[in-house]
Amino acid sequence: MTDPKDLNFDDDNLDSEDQIDIDELDDALDEEVDELETARAERDEFRDRFMRAMAETENVRKRAERDRREAENYGGSKLARDMLPVFDNLKRAVDVITDEQREAQAALIEGIELTMRELLSVFGRHGIEVISPEPGEKFDPNMHEAMFEAAVPATKAGDIIQVMNVGFMIHDRLLRPAQVGVSSTPA
């Protein structure tokens with residue numbers, strides 16, 4: 001066994017092969033640092049991509065949920081719009097019935113009225129509400145469609161003077177505006 005006192009660690013006693021090259025160590029260290037910086041940059045890029053993908057996934061989920069709700073609430077709009085003339089015709093039929101006709105054809109008229117009430121009930125179950133303005137109310141271009149203007153005494157400009165057809169809303173959207181006549185009497 002070699003006595004530790006006999007070991008001499010002076011650079012003078014090392015062979016040229018045994019000497020450590022500082023430049024090689026510096027180069028190796030620089031390479032390791034470069035590799036570490038490259039790995040960190042890749043990690044940061046992957047983290048950024050991951051966070052963006054997560055955000056995009058969340059946005060797609062929210063968009064799909066909104067589209068699903070809109071389809072649920074407004075998907076039947078076209079069918080509902082096509083059913084409005086049926087309501088209009090039933091309403092016209094009920095509105096022109098005279099007392100004599102009511103007595104003579106009570107069962108038929110009751111059937112028409114029941115059909116109209118059932119149609120309104122179905123509308124209600126699907127979020128469709130009637131917009132039924134009254135004469136004297138203020139014209140609202142968001143809810144009403146002016147079919148004509150006329151100067152009518154004892155009214156103010158912009159007042160509804162006649163209702164030709166009721167309008168309809170489906171949830172919070174206008175399905176069909178109420179068709180009205182509007183006063184043009186100057187104030």
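**View 1. Aromatic pairs in the predicted model.** This is a predicted model, and the count of aromatic pairs in it comes to two. One of them brings phenylalanine 87 up against phenylalanine 168 in an edge-to-face arrangement, with 5.3 Å centre to centre and 90° between the planes. Phenylalanine 87 sits in helix H2 and phenylalanine 168 in strand E4 (residues 167–170), so this pair ties together parts of the chain that are 81 residues apart in sequence.

**View 2. The largest pocket and what sits around its centre.** Here we've zoomed in on the largest pocket, which comes out at about 220 Å³ in volume. Count the residues around it and you get a lining of 14. To find the middle, look for Gly76, Leu79, Ala80, His126 and Ile128, the lining residues that lie nearest the centre.

**View 3. Where the pocket lining comes from.** Which helix gives the largest share of the lining of the largest pocket? That's H2, with four residues. Three helices each chip in at least two lining residues: H1 (22–74), H2 (77–95) and H4 (106–125). As for chemistry, the lining of this pocket splits into eight nonpolar residues, five polar ones and one charged one.

**View 4. A nonpolar patch on the surface.** Phe50, Met51 and Met54 make up this patch, and together they have about 340 Å² of accessible area. To get your bearings, start from phenylalanine 50, which is found in helix H1. Helix H1 turns up in the pocket views too, as one of the helices that supply at least two residues of the lining of the largest pocket.

Definitions and conventions:
Residues are numbered from 1 along each chain as its sequence is written. This is a predicted model: local features need pLDDT of at least 70, side-chain atom pairs count only at pLDDT 80 or more; totals for chains, interfaces and linings use all residues. Side-chain values use heavy atoms; hydrogens and water are left out. On a 1 Å grid over the protein atoms alone, a cavity is a set of points where a 1.4 Å probe fits but cannot get out, and a pocket is an open set with protein on both sides within 12 Å along at least five of seven lines; lining residues have an atom within 4 Å of a point. Grid points are joined across faces, edges and corners, and a volume is the space filled by probe spheres set on the points. Ala, Val, Leu, Ile, Met, Phe, Trp, Tyr, Cys and Pro count as nonpolar, Asp, Glu, Lys and Arg as charged, and the others, Gly among them, as polar. Patches are made of residues with over 30% relative accessible area and no salt bridge: like charges are joined within 9 Å, nonpolar side chains (Val, Leu, Ile, Met, Phe, Trp, Tyr) within 5 Å. Accessible areas come from the Shrake-Rupley method with a 1.4 Å probe; for residues, only the protein chains shown count as cover. A salt bridge is a side-chain nitrogen of Lys or Arg within 4 Å of a carboxyl oxygen of Asp or Glu. Rings of Phe, Tyr and Trp (its six-membered ring) pair if their centres lie within 6.5 Å; planes under 30 degrees apart count as stacked, over 60 as edge-to-face and the rest as tilted.
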